[in-house]
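Visitor: Could you take me through one part of this protein in close detail? I would like to see how a single sheet is put together, and then how its surroundings look.

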Amino acid sequence: MNRPTLSLIAGTAALAAVTGFATLSAPDTPADAPAGAAAVLPVERTGLLCPAPSTSDIAETTYTSFTPVTKGTGSTGRTELLPAPRDASAPPAATDEDDKTDADKDADEKDDKNDDKKDSAGKKDAKPVLTPKEPGVPVTGDVSGADAPALVATAEGRTAPGWTLQQTTRVAAGAGRGLLGVTCAEPDTEFWFPGVSTAADRADYVHLTNPDDSAAVADIELYGKDGAVVTTAGEGITVPPHSTEPVLLSTLTDEKLDDLTVHVNVRSGRVGAAVQALDDKLGGDWLTASADPAGSLVIPGIPKDATAVRLVVHTPGDADADLKVQLASPSGLITPAGQETLQVKGGMTTAVDLGDVTRGEAGSLVLTPAGRSVPVVAAVRVVRGKGEKQESAFIPATDPVGRRASAVANGAKNTTLSLTAPRGTAKVKVTASAGTGGGTPASQTYTIRSGTTQDVELPVPAGLKGTYALTVEPLTPVPVHAARTLTATEDGVPGFTVQTLPDDGGAVAVPNADEDLTVVQR
């Protein structure tokens, strides 16, 4: 039996190679840490991908960038935000090489080189949508109309740990009008989106963005109440290097269905993925991926004035899932009337209306196994307002905050932060940064009782000018889930968008060199 040893250097190198984001600096283990404790290191490179915000000519998009102050980083940093165009996938013009003379081919080669130089110069000369500053200070950039690009963004050095980038778009009229927000995310190879639709009154697009130098190939699958939906064009979708590709879901199938789940599986390369859902009557917003399939899930931050909440759950495997559905309210866990359990058949998607489940109080949904644990994914669609003055948004199940997470683009009066601790009492520190135009940071610590959700009274920077960032840091080893809601009323329509706050990925725990890292090969 062989017993190969995994070295710290090899492990770190492998992590960097796999993720592309885990270039690490020297360990920063506290002096009082126990012997053999893992060193927590700030990452030195972070890559984020933003989808194209809107195709509306009246869209107004604000990009916001923020890096929290992190101990153990160097003194230098660098960020780069490059547009990811759609037309990068245009095929070259067809030619007959056999009919060309040597002079023609030489001329073509010179033209190609000149085009490459122009492309390279264009990338260097392109004005960035924003220029991030030092850690601790958010920065914004505005783009009007349908020209706002998808972005391939990279931060290095002291700007990398916990780097958060968001795009927030206002569309005053038309299909998908309202307030749309999405946090730019790292690339991955698999995504689940419960809650999409191919119905006639919806236009749902899966945006795929490729950050790499080689093409990515992805498959898009749809699952409804009866299982897999027959698709005509979902396999082998190619996303060229450094480009983005929006795929309209209704073009993948002839069926007009609500309450579907989209599965994006990347068979080659990696992409960023997000769904933009545009509704004729209920406005539009982004749906980000659900947390990975798990037996228990948390959907945090349902607005207290929600007039309708629809839960969509999918079971990826063949086994059926029986779930307990509970609401973590300010007073504790309660079961919505008539919704004691929810059964989801294997490979199928189930939806249930929960109505105004929060009833004027802060709330988060907690899904747990009623019997044996079966992995599921989930999200909710939330509606605020009544009659013709309604607006919708989505909240996916999300992972806990972990070490730290940030939300940007907050205003003094339009922001709600929801914190929930479903399995134990937690203490949480929330820090408000300086504003984009000035102000003094402020922080506050909260106690979130087990099984409850609190919409906390936020610390606001003194002398605030512009918008600011909120950074959430749990102080106890208890899972905390968080979501931030932005609101903007336009002509009586209560526009809003909700972003969840999973761990920002700004640090990596690396085993101490004295720790036994031996791997037994069986």
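Guide: Happily; what follows starts with one sheet, strand by strand, and then moves outward to some other places in the chain.

Please keep in mind that this is a predicted model. The pLDDT averages 87 over the protein, and 83% of the residues score at least 70.

Let us begin with the sheet. Its 4 strands lie in the order β23-β19-β25-β26, forming an open sheet with antiparallel pairing. At the edges are β23, residues 349-355, and β26, residues 389-396, each of which pairs on one side only. From one strand to the next, the twist averages 20°. As a reminder, strands of a sheet pair through backbone hydrogen bonds, either parallel or antiparallel.

A good place to stand is β25, which spans residues 377-386. On one side, 8 bridges join β25 to the antiparallel β26. On the other side, β25 pairs with β19 (residues 306-314), also in the antiparallel sense and over 8 bridges. Strand β25 is mostly covered, with 9 of its 10 residues buried.

You can follow the register with a few partners. Toward β26, Ala379 sits opposite Pro396, and Lys386 has Lys389 as its bridge partner. The hairpin that links β25 and β26 has 2 residues between the strands, and Gly387 there takes a positive phi near 60°. Toward β19, Val380 in β25 stands opposite Leu311.

That last pair leads into the packing. Leu311 and Val380 both belong to the largest nonpolar core, a set of 30 residues; together with Ile299, Val313 and Leu365, they touch the most other members. Beyond its neighbours within four places in sequence, Leu311 has contacts that include Ile299, Val325, Leu342 and Leu365. Its contacts also take in Thr350, Ala351, Val352 and Leu354, as well as Ala378, Ala379 and Val380. In a regular strand the side chains alternate between the two faces of the sheet. Apart from this core lies another one, of 26 residues, with Phe193, Val229, Val239 and Ala277 among them.

Now step across to the edge strand β26, where Ser392 is located. Is Ser392 buried or exposed? It counts as buried, because its relative accessibility is 1%, below the 20% cut-off. Its side chain has two polar contacts worth tracing. One reaches the backbone oxygen of Leu282 at 2.8 Å, and the other goes to the side chain of Arg381 at 3.4 Å. Among the residues in contact with Ser392, leaving aside those within four places in sequence, are Gly283, Gly284, Asp285, Val382, Val383 and Phe496.

From here we can visit strands elsewhere in the chain. Thr471 lies in strand β34, residues 468-474. With a relative accessible area of 7%, Thr471 is buried, and its side chain makes a polar contact of 2.9 Å with the side chain of Ser406. Around Thr471, beyond four places in sequence, you will find Phe66, Pro68, Arg404, Ala405, Lys429, Val430 and Thr431, among others.

Next comes Ala426, in strand β29 (residues 426-432). It is buried, at 0% relative accessibility. Although Ala426 and Thr476 are 50 residues apart along the chain, their C-alpha atoms are separated by 5.7 Å. Besides Thr476, Ala426 touches residues including Ala421, Tyr446, Thr447, Ile448, Val478 and Val480.

Two backbone details deserve a look as well. Ala409, in strand β27 (residues 405-410), has a positive phi near 70° though it is not a glycine; at 12% relative accessibility, Ala409 counts as buried. His242 likewise has a positive phi, near 55°, in a residue other than glycine. This histidine, His242, sits in the loop between β13 (237-239) and β14 (243-248), and it is partly exposed, with a relative accessible area of 29%.

Finally, a word on where to be careful. Residues 87-124 have pLDDT under 50 throughout, and the model gives this stretch 10 contacts beyond four places in sequence. Over residues 517-522 the pLDDT is also below 50, with 15 contacts in the model beyond near neighbours in sequence. Where pLDDT is low, the predicted coordinates should not be read in detail.

Definitions and conventions:
Residues are numbered from 1 along each chain as its sequence is written. This is a predicted model: local features need pLDDT of at least 70, side-chain atom pairs count only at pLDDT 80 or more; totals for chains, interfaces and linings use all residues. Side-chain values use heavy atoms; hydrogens and water are left out. Two strands pair if DSSP finds at least two bridges between them. Axes are lines fitted to C-alpha atoms, for helices over the stretch in contact, and angles run from 0 to 180 degrees between N-to-C directions. Buried means under 20% relative accessible area, exposed over 50%, partly exposed in between (1.4 Å probe, protein chains only). A polar contact is a pair of N or O atoms within 3.5 Å; within protein, one must be able to donate a hydrogen and the other to accept it, and residues adjacent in sequence count only if both atoms are side-chain atoms. Contact means heavy atoms within 4.5 Å. pLDDT is the predictor's confidence in each residue, from 0 to 100. A nonpolar core is a set of buried Ala, Val, Leu, Ile, Met, Phe, Trp, Tyr and Cys residues joined through side-chain atoms within 4.5 Å.
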